[in-house]
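Trainee: Could you take me through one part of this model closely, namely how its helices pack against each other? I'd like one connected account.

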Amino acid sequence: MEPSPATSTTVCVTGAGGFLASWVLKLLLSKDHYVVHGTVRDLRDGKNAHLKALENAGKRLRLFKADVLDYDSVTSAIAGCDGVFHIASPVTPVPSGLATNPEEDVIATAVIGTLNVLKASYEAKVKRVVVVSSVAAVFNNPNWPKGKPFNEDSWSDEDCCRKKGEWYSYFFSKTLAEREAFVYAAKTGMDIVTICPALVIGPLMQPTVPTSIKVFFDIVKGEGETVGNRLEILLDVRDVANALLLAYETPEASGRYICSSTPRKLCDIINISKSLYPNFTYPQKFLEVEEEDSTTFSSEKLQKLGWTFRHMEETIRDSFESYTALGILT
Ligand SMILES: NC(=O)c1ccc[n+]([C@@H]2O[C@H](COP(=O)([O-])OP(=O)(O)OC[C@H]3O[C@@H](n4cnc5c(N)ncnc54)[C@H](OP(=O)(O)O)[C@@H]3O)[C@@H](O)[C@H]2O)c1
């Protein structure tokens with residue numbers, strides 16, 4: 001049954017067909033009172049077809065064609081909404097030597113896109129916007145004490161992002177976009193909460209392989225037969241979706257929230273993966289490294305709102321089951 005306008009909450013999710021956004025949509029549609037506006041860049045693209053198959057989509061999901069760089073298209077999708085989940089942003093490393101313009105394609109798109117969404121939300125009198133940032137906006141900070149888990153006080157700096165080579169534009173795009181979001185909040189008084197997730201994996205709904213799952217495959221395949229047994233963080237996409245909803249629904253939520261699970265040794269991650277999918281060429285030997293050299297995060301602030309995350313074993317198992325079913329493992 002469709003909720004009546006008096007009891008329903010209408011929210012907009014940008015970049016609805018993406019990996020994380022698809023799970024946010026599924027979660028929202030599983031709750032009877034949400035009516036969801038989802039933005040996609042191409043309504044006819046098969047990569048967004050899974051959205052229409054989500055339970056309750058027929059009754060409570062309306063898709064809008066919108067590019068975050070096109071203010072008018074964003075305005076149409078956000079009109080009439082009580083809340084916005086701004087998730088759309090380019091997620092891509094830029095291989096060196098490739099003739100692209102990362103400053104424009106990645107950084108400007110993230111920043112202008114975020115400002116367009118915030119401005120449209122302000123005009124539409126949206127009550128809260130949850131912006132998805134990333135730990136990329138947190139850990140590229142050379143001044144943070146070595147070995148101390150990063151928390152919400154840490155901000156990435158441009159020079160440090162620049163040293164990350166092909167990831168520079170992505171890391172810096174997330175940093176600038178999140179900073180601009182808080183500048184906008186301070187200027188307008190708008191209620192903006194940001195979530196900074198670590199590397200996200202988990203079951204997939206769409207047929208395209210998102211960048212973070214490619215990164216996960218690179219991590220477990222390693223760079224050779226012997227790898228450093230460092231700590232790695234894998235976060236379940238379903239837990240990140242829960243974090244976004246919690247940040248939206250909890251009145252006292254404010255500022256930024258790091259969203260990270262417990263770091264695990266690479267050998268554990270690889271052993272679990274190997275038992276589920278033996279066909280990758282996995283590293284065979286592990287060299288012990290100082291734990292201090294691993295990048296770790298504190299999600300204490302988010303956990304105080306009631307956020308929890310599942311065991312990594314469950315995430316990896318459900319991931320490989322889904323990737324096998326989709327036939328994306330090669
Ligand atoms: N996955 C992770 O490990 C991770 C970690 C931390 C933060 N995040 C953040 O989470 C968000 C979602 O990432 P994801 O992993 O789900 O990646 P994804 O599947 O690639 O999703 C990115 C989405 O952004 C959309 N998009 C890009 N440029 C756009 C534009 N100009 N206008 C409208 N939409 C645009 C894409 O639409 P198209 O399909 O049309 O290209 C896609 O739906 C991003 O903000 C990312 O930075 C992800």
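**Helix packing, starting with α1**

Mentor: Let's start where α1 passes α9, in a right-handed crossing (the near helix is turned clockwise from the far one by less than a right angle; anticlockwise would be left-handed). Keep in mind that this is a predicted model, with pLDDT of at least 70 needed for local features and 80 or more for side-chain atom pairs to count, while totals for chains, interfaces and linings use all residues. Residue numbers start from 1 along each chain, following the sequence as written.

α9 covers residues 237-249, and its axis lies 9 Å from that of α1 at an angle of about 60° (axes are lines fitted to C-alpha atoms over the stretch in contact, with angles from 0 to 180 degrees between N-to-C directions). The two helices are therefore oblique to each other (under 35 degrees is roughly parallel, over 145 roughly antiparallel, 65 to 115 roughly perpendicular, and the rest oblique). From α1, the contact takes Phe19, Leu20, Trp23, Val24 and Leu27; α9 answers with Val237, Arg238, Val240, Ala241, Asn242, Leu244 and Leu245 (contact here means C-beta atoms, placed from the backbone, within 7 Å). By class that gives 10 nonpolar residues, one polar and one charged (Ala, Val, Leu, Ile, Met, Phe, Trp, Tyr, Cys and Pro are nonpolar, Asp, Glu, Lys and Arg charged, the others, Gly among them, polar).

α1 also has a stake in the ligand. There are 25 residues around the ligand, and the closest are Gly15, Gly18, Phe19, Ala88 and Ser212 (near means a C-beta atom, placed from the backbone, within 6 Å). So Phe19 turns up both in the α9 contact and among the closest residues to the ligand. Two elements give two or more residues to this shell, α1 (19-29) and α5 (102-123) (helices are DSSP runs of H or I, at least four residues, and strands runs of E, at least two, numbered from the N terminus). The largest share, three residues, comes from α1. The shell as a whole splits into 14 nonpolar, eight polar and three charged residues.

That brings us to α5, which packs with α4 (residues 71-78) at about 45°, their axes 9 Å apart. That angle makes α4 oblique to α5, and their crossing is right-handed. Here Tyr71, Val74, Thr75 and Ile78 of α4 meet Asn116, Val117, Ala120, Ser121 and Glu123 of α5, which sort into five nonpolar, three polar and one charged.

One more pair: α10 (residues 266-276) and α12 (residues 312-326) cross at roughly 35°, and their axes come within 10 Å. This crossing is right-handed too. Ile272, Ser273 and Leu276 of α10 touch Glu313, Ile316, Arg317 and Phe320 of α12, so to speak a mix of four nonpolar, one polar and two charged residues.

Note on methods. Contact = placed C-beta atoms within 7 Å.
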